[in-house]
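Subject: Structure handover

Hi,

Here is the structure you asked about. Please open it alongside this email and follow along.

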Amino acid sequence: MRPVFCGNFDHDTRQYDLERLFSKYGPISRIDMKTGYAFVYFEDERDAEDAIRRLDNVSFGYDRRRLSVEWSRQVEPVPKSRDRPTGDVKPTRTLFVINFDPMRTKIQDIERHFEPYGKIANIRIRRNFAFVQYETQEEASAAVKNTDKSTILDRVVTVEYAFRDDDNERDDRYGSPKRGTYDRRRGNPYMRSPSPSLSIWKNPIRGRSGSASAMMNLQTQLPPTSSPGPASRASRAPVVPAARRGTGRRRQRRKPSSSPSTREAEAEHGQPDALARILRTEAAVSGVSRKAAAARQQSTNLWPRAVLEALDSAVAACRWESALEIFELLRKQHWYEPRSQTYARLLMMLGKCRQPGPAASLFKAMLSERLRPTADVYTALVGAYGYSGLLEEALTAVEQMKGAADCKPDGYTFSVLIDCCAKSRRFDLIPAVLDEMSYLGIECNSVIHNAIIDGYGKAAMFEEMESALSTMLESGSNVPDIYTMNSVIGAYGNHGRTDEMEKSYSEFQLMGVEPDTKTFNIMIKSYGKAGMYDKMMSIFRYMKKRFFSPTAVTFNTVIECFGRAGNIEKMEYYFRLMKIQGVKPNHITYCSLVNGYSKAGLLDKVPGIIRQTENTNVVLDTPFFNCVISAYAKSGDIKIMEEMLQLMKEKKCKPDKITYATMIQAYTALRMDEAARLLEMEAERFDKRLLGPVSEVDGK
C-alpha cells in the first residue's frame with residue numbers, strides 16, 4: 001500500500017512523536033524517518049485517508065509548524081541507486097550507513113548498534129551518513145543482513161556495502177582516504193550510486209524575476225535544511241533531459257542554498273566557488289545587522305536573502321532588540337510584504353525573552369498594516385504577556401481572540417495559557433481555564449497535563465502534583481511521557497527529596513518511560529545540590545555505560561557542584577575533561593568557574609577566565625558579568641567591580657536588575673551613599689525602559 005507522506009515538522013521530532021500522532025487513526029506497520037520528512041505506512045488504507053484528512057495543515061511541534069500530510073507520489077521510497085542494480089555491488093568489509101539523526105547520533109551509538117555482528121575496525125561519521133568497517137567480510141555481510149532498515153535512536157537507517165574498502169586504494173596526495181579530503185574528479189572511494197535528487201540540484205534554476213517573492217516565503221520558516229526533502233518537491237524545477245540541455249560547456253546556475261549546514265557541506269565536498277559564496281552571504285548577513293543598528297538613512301533595496309537570514313539568526317538566538325531592528329529595516333524594503341507568520345515568530349521570541357512592552361507595540365504595528373491576526377499570532381501574544389506575569393492582559397487577549405472572525409482559541413492556545421498560570425503559580429485560575437476548554441469542546445491533552453504537573457512541582461506542592469499525575473493516568477487518553485518523568489523527578493530532586501526522586505524514577509521505568517540525557521542531568525544536579533557527590537558521579541559513569549554522551553549541561557552541572565563545594569581541584573579537572581572530550585564550554589561554564597573561584601577566595605584566577613573567553617567564540621552575556629561583578633563586590637574590590645561594569649557596556653551587554661542590585665548593595669555596605677543613589681536612579685530608568693507601554697490589545 002502507498003505510504004503517507006508527512007513533511008514540514010521540526011527537525012528535532014522523533015519517530016515516537018509521529019507514532020503517537022498517527023496511531024490515533026489506526027494501526028501503523030512502520031514509519032520511515034528521513035531528514036525533515038517521513039513516510040508512514042498504515043495497515044489499512046481507510047485509516048491512512050482519515051489521517052490525511054485530519055492532519056494535513058495541522059500545527060505540530062514546539063514551533064507549531066503546519067504539517068504537510070498527503071499520499072506519497074510513489075509506492076515505495078525512491079531506490080538509492082539507479083545506475084546499476086544492487087546485485088552488481090561487490091560485497092566489502094566497509095558498510096555505508098545513512099538516514100540517522102545527525103544531531104543526536106554519536107560514534108558510540110553507531111558502535112553499539114553494529115558491534116553485535118563482529119569486531120569493528122573503524123567508524124567514521126560524516127554529517128548524516130557514516131562508514132563502518134569490519135575485520136572480515138563475513139561480519140560485514142551479517143551486519144548488512146540484520147541492520148538494514150533497523151532503528152538507531154528512533155530513525156530507520158539504510159545500510160549498504162560501500163563501493164570500496166578503506167585499504168583498497170590509497171590517495172596519492174594524502175596517503176589515505178580516511179582524512180575525508182578526496183578528489184571529486186577521481187571519485188570518492190566510499191560513495192554510493194548517485195542519488196536521483198542530484199539531477200534536480202544540477203538543473204538550471206529560474207531567473208531573477210521571481211526571486212523577491214521567493215525570498216519573502218522565507219519569512220514564514222527557517223532556512224531550508226541541507227537535504228532536499230519531498231516537502232519542497234512541488235516547487236522544484238522539472239528535471240531537464242540531457243538531450244535537451246545541449247552539449248555546450250556553459251556553466252549552469254545552481255540552486256541557492258540558504259541553510260548553514262548545506263553551505264558547510266558544499267564547502268566540505270569541494271564544490272566550485274562554495275567557500276567564496278559562503279563568505280559573501282555571511283558578510284551580507286552581518287552587514288544587514290550593522291545597517292539595522294545604524295542611525296543613518298537606511299537602504300530600501302537590500303538583498304532579500306541577507307535580510308531574512310539576519311532576521312532568522314536574531315530570532316533563533318533570542319536577540320530581541322537586534323531582531324526588532326532588523327524587522328524595522330525589513331519593513332522599509334521595496335519588496336516587503338506583511339505576513340502574519342513573521343509577526344507570530346517575533347511575538348513568540350518576545351515571549352521567551354519576557355518583553356511584554358515590545359510585544360504590545362509589535363501587535364499594534366501589525367494592526368496598522370491592516371493584517372488580520374491569526375490564531376498563532378494571538379497565541380504568541382498570550383505567551384508574551386503570560387510568561388511575563390501579566391496574566392490579566394493574557395486573559396484579555398484570549399477573550400478578544402474569541403470575538404475575532406475565523407480565529408478561535410485551540411488546544412495550543414489554552415496549553416500556553418495554563419503553562420503561564422502554572423509558571424506564575426496562579427493555580428487558582430487553572431480550573432476556570434479547564435472549564436472553558438470543556439465548554440468549547442477542547443480535550444485536555446498531555447501537554448496541558450505536563451504543564452500543570454510541572455507547575456505544581458516547581459512550587460513544591462507535591463500532593464497536588466501527585467493528584468494531577470493521577471488525573472492524567474485516569475484520563476486514559478493521555479499517558480505519561482519523558483516530559484512528565486523529568487518534571488516529577490526534577491520537582492523532588494530540586495527540593496532535596498532524593499528518596500522520592502529515586503522512587504519516581506523506578507515507577508516511570510515500570511510504566512515504560514525510558515530516561516534521556518536530560519533525566520540524568522536532573523539527577524546529577526539533584527545529588528550535587530544535596531551534597532551526595534558519590535551518587536552524582538555514579539550517575540555520570542552510568543551515562544557513559546549506557547552510551548549517553550555527556551553534554552555541556554552535564555559538565556556544567558558537575559563543575560558547578562564541585563565549585564559550590566569548594567573542591568577546586570575536581571572543578572578544574574572536569575573543565576579540562578570537558579574540553580578533551582570535545583564538548584564546547586559556554587557562558588554558563590565560565591560562570592560556574594567564576595563562582596567557584598569566588599567562593600574559594602581565588603579571585604586572582606578570574607582575569608584568566610575572562611582572557612580564555614576572549615580566545616573563543618563564546619558570547620559573554622549579562623549573567624556572566626553579573627557573576628564577575630558579584631565576586632568582586634563580595635570581596636569589597638569596588639574599583640575592579642566598576643571596571644567590569646564598564647567592560648560590560650563596551651561589550652554591548654546591557655546591565656539588568658541583578659547587576660544594579662549587586663552594585664548598590666556593595667556601595668551601601670561600604671557607605672558610599674552618593675554612588676548608590678546615582679546607581680538607583682539609573683536602575684529606575686532601566687525599569688521604565690524594560691516594561692514599556694503595555695496597553696490594550698483590542699486594536700481600536
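Below is what turned up, going from the sheet to the repeats and then to the aromatic rings.

First, a caution: this is a predicted model.

The sheet
Start with the strands. Four of them, in the order β2-β3-β1-β6, make an open sheet with antiparallel pairing. β2 (28-33) and β6 (68-71) are the edge strands, each pairing on one side only. On average, neighbouring strands in this sheet are turned by 20° against each other, direction ignored. Inside the sheet, β1 (residues 4-7) pairs with β3 (residues 37-42) over 4 bridges, in the antiparallel sense. One residue match to look at: cysteine 6 has alanine 38 in β3 as its bridge partner.

Two helices lie across these strands. Helix α1 (residues 15-22) lies across β1, β2, β3 and β6, and runs at about 140° to β2. Helix α2 (residues 45-55) lies across β1, β3 and β6, at about 150° to β6.

There is also a charge over a ring here. Arginine 30 lies over the face of tyrosine 41, 3.9 Å from the ring centre.

The repeats
The unreviewed UniProt entry lists "repeat: PPR" at residues 410-444, 445-479, 481-515, 516-550, 551-585 and 621-655. I looked at two of these stretches. Residues 516-550 are 74% helix and 0% strand, with end C-alpha atoms 11 Å apart. Residues 551-585 are also 74% helix and 0% strand, and their end C-alpha atoms are 10 Å apart.

A second charge over a ring: the charged end of arginine 497 sits over phenylalanine 462, at 4.4 Å from the centre of that ring.

The aromatic rings
How many aromatic pairs are there? The count comes to 21. Take phenylalanine 575 and tyrosine 590 as one of them: their rings are edge-to-face, 6.1 Å centre to centre, with 70° between the planes. This pair links distant parts of the chain, 15 residues apart. Phenylalanine 575 is in helix α25 (residues 568-580), and tyrosine 590 is in helix α26 (residues 587-599).

Are these two rings' residues buried or exposed? Phenylalanine 575 counts as buried because its relative accessibility is 7%, and the cut-off for buried is under 20%. Tyrosine 590 is buried too, at 3% relative accessible area.

Finally, one aromatic cluster is made up of Tyr533, Phe540, Phe555, Phe562, Tyr573 and Tyr574.

Best wishes

Technical notes
Residues numbered from 1 in each chain as written. Predicted model: local features only at pLDDT ≥ 70, side-chain atom pairs only at ≥ 80, totals over all residues. Heavy atoms only, no water. Phe/Tyr/Trp six-rings, centres within 6.5 Å; stacked < 30°, edge-to-face > 60°. Buried < 20%, exposed > 50% of the residue type's maximum accessible area, 1.4 Å probe, protein only. Lys NZ or Arg CZ within 6 Å of the ring centre and 35° of its normal. UniProt positions renumbered as here; feature names shortened; annotations may be inferred. Pairing = 2+ DSSP bridges. Axes fitted to C-alpha atoms, helices over the stretch in contact; angles between N-to-C directions. Contact = heavy atoms within 4.5 Å.
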